[in-house]
Amino acid sequence: MNRLIPVRTLADILPRYRGTPVESLLAYQNLGAPHAPHDKAELLIGMCMDNRKHLRIPENFAFIIRAGGGNLRYSEFKVSYAIAIGGVSAIALLGHTNCGMVNLMSRREQFIAGLVQRGGWDREWAEQHFTQFSPMFEIGNEVDFVLSEAKRLRLRYPKILVAPLMYRVEDNLLYQLREDGPEPQAETESR
Ligand SMILES: [Zn+2]
């Protein structure tokens, strides 16, 4: 099942995102919308630290928290700050294709050897480091992870619009995600 909903025109944007900063993000990234002036941040973007991703957004538009896999579970204070002090009304959670935080165990040896060779660590420390932290940062499947993170954040911040999106590194475009079941603020999809 293809759960990605492309945005090629403004009409493709799901009703629940229209008139919100998520619509602006999709228009900037996918539709080449001209950069409007923003005198304050409107959106918090959570995204992976991966180097292949580049956002086409104007100054002042968004707070951005970058963490492996776009995992905000260990950045909660920063999320709260962006809402409470920064005044953002929405969170866009960006998973991406080909994410290195998927199936970390397959890169265990590469991680340990790299940390020894390039980071100057003892092998035993590097092994312990991987064993201790890789379960915290493993995200499983990119799409499932971003959907479950969105659900968690909606419970945590019930007044904030949370949009799970996917960034395809193949075309540098954002895709909306089909979600199961009823959601807060959900409206009928137009397609
Ligand atoms: Zn990633």
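Donors, in what follows, are N, O and S atoms within 2.8 Å of the metal (3.2 Å for Na, K and Ca), and because water is not among the atoms, sites may look incomplete. With that meaning, the donors of the zinc ion follow the spacing C-x47-H-x2-C along the chain. The structure is a predicted model, in which local features need pLDDT of at least 70 and side-chain atom pairs count only at pLDDT 80 or more, while totals for chains, interfaces and linings use all residues. Residues are numbered from 1 along each chain as its sequence is written, and side-chain values use heavy atoms, with hydrogens and water left out.

**The zinc site**

- The protein donors of the zinc ion are C48, through SG, H96, through NE2, and C99, through SG, and they lie 2.0 to 2.3 Å from the ion.
- H96 counts as buried because its relative accessibility is 1%, where buried means under 20% relative accessible area, exposed means over 50%, and partly exposed is in between (1.4 Å probe, protein chains only).
- C99 also counts as buried, at 6% relative accessibility.
- N98 lies in the loop between β4 and α3, where helices (H or I, at least four residues) and strands (E, at least two) are DSSP runs numbered from the N terminus.
- With a relative accessible area of 52%, N98 is exposed, and its phi is near 60 degrees, a positive value in a residue other than glycine.
- Most residues other than glycine have a negative phi.

**Nonpolar cores**

- The largest nonpolar core has 24 residues, of which V22, L25, L43, I45 and L94 touch the most other members; such a core is a set of buried Ala, Val, Leu, Ile, Met, Phe, Trp, Tyr and Cys residues joined through side-chain atoms within 4.5 Å.
- Two or more residues of this core come from each of α1 (21-31), β2 (43-47), β4 (90-96) and β5 (161-168).
- Another core lies apart from this one and has 22 residues, among them A41, I65, L72 and M166.
- When residues up to four places away in sequence are not counted, L25 touches L43, I45, I57, F61, A92, L94, L165 and L174, contact being heavy atoms within 4.5 Å.

**Salt bridges**

- The structure holds 11 salt bridges, each being a side-chain nitrogen of Lys or Arg within 4 Å of a carboxyl oxygen of Asp or Glu.
- One of them joins the side chains of E76 and R152 at 3.3 Å, N to O, and this pair links distant parts of the chain, with E76 in helix α2 and R152 in helix α5 (residues 142-156), 76 residues apart.
- R152 is partly exposed, with a relative accessible area of 25%.
- The side chains of R123 and E109 meet in a salt bridge of 2.9 Å, N to O; because R123 lies in helix α4 (residues 123-137) and E109 in helix α3 (residues 108-119), the pair ties together parts that are 14 residues apart in sequence.
- R123 is partly exposed at 37% relative accessible area, and E109 counts as partly exposed at 44% relative accessibility.
- R154 forms a salt bridge with E179, with the closest N and O atoms 2.9 Å apart; since R154 lies in helix α5 and E179 in the segment after β6 (173-177), the pair ties together parts that are 25 residues apart in sequence.
- R154 and E179 are buried.
- E76, E149, R152 and R156 are joined into one network by salt bridges that share partners.

**Loop residues R56 and N172**

- R56 has its place in the loop between β2 and β3 (62-66), and with a relative accessible area of 33% this residue is partly exposed.
- Leaving aside neighbours within four places in sequence, R56 is in contact with Y28, Q29, H35, N172 and L173.
- N172 lies in the loop between β5 and β6, counts as partly exposed at 27% relative accessibility, and has a phi near 60 degrees, a positive value in a residue other than glycine.
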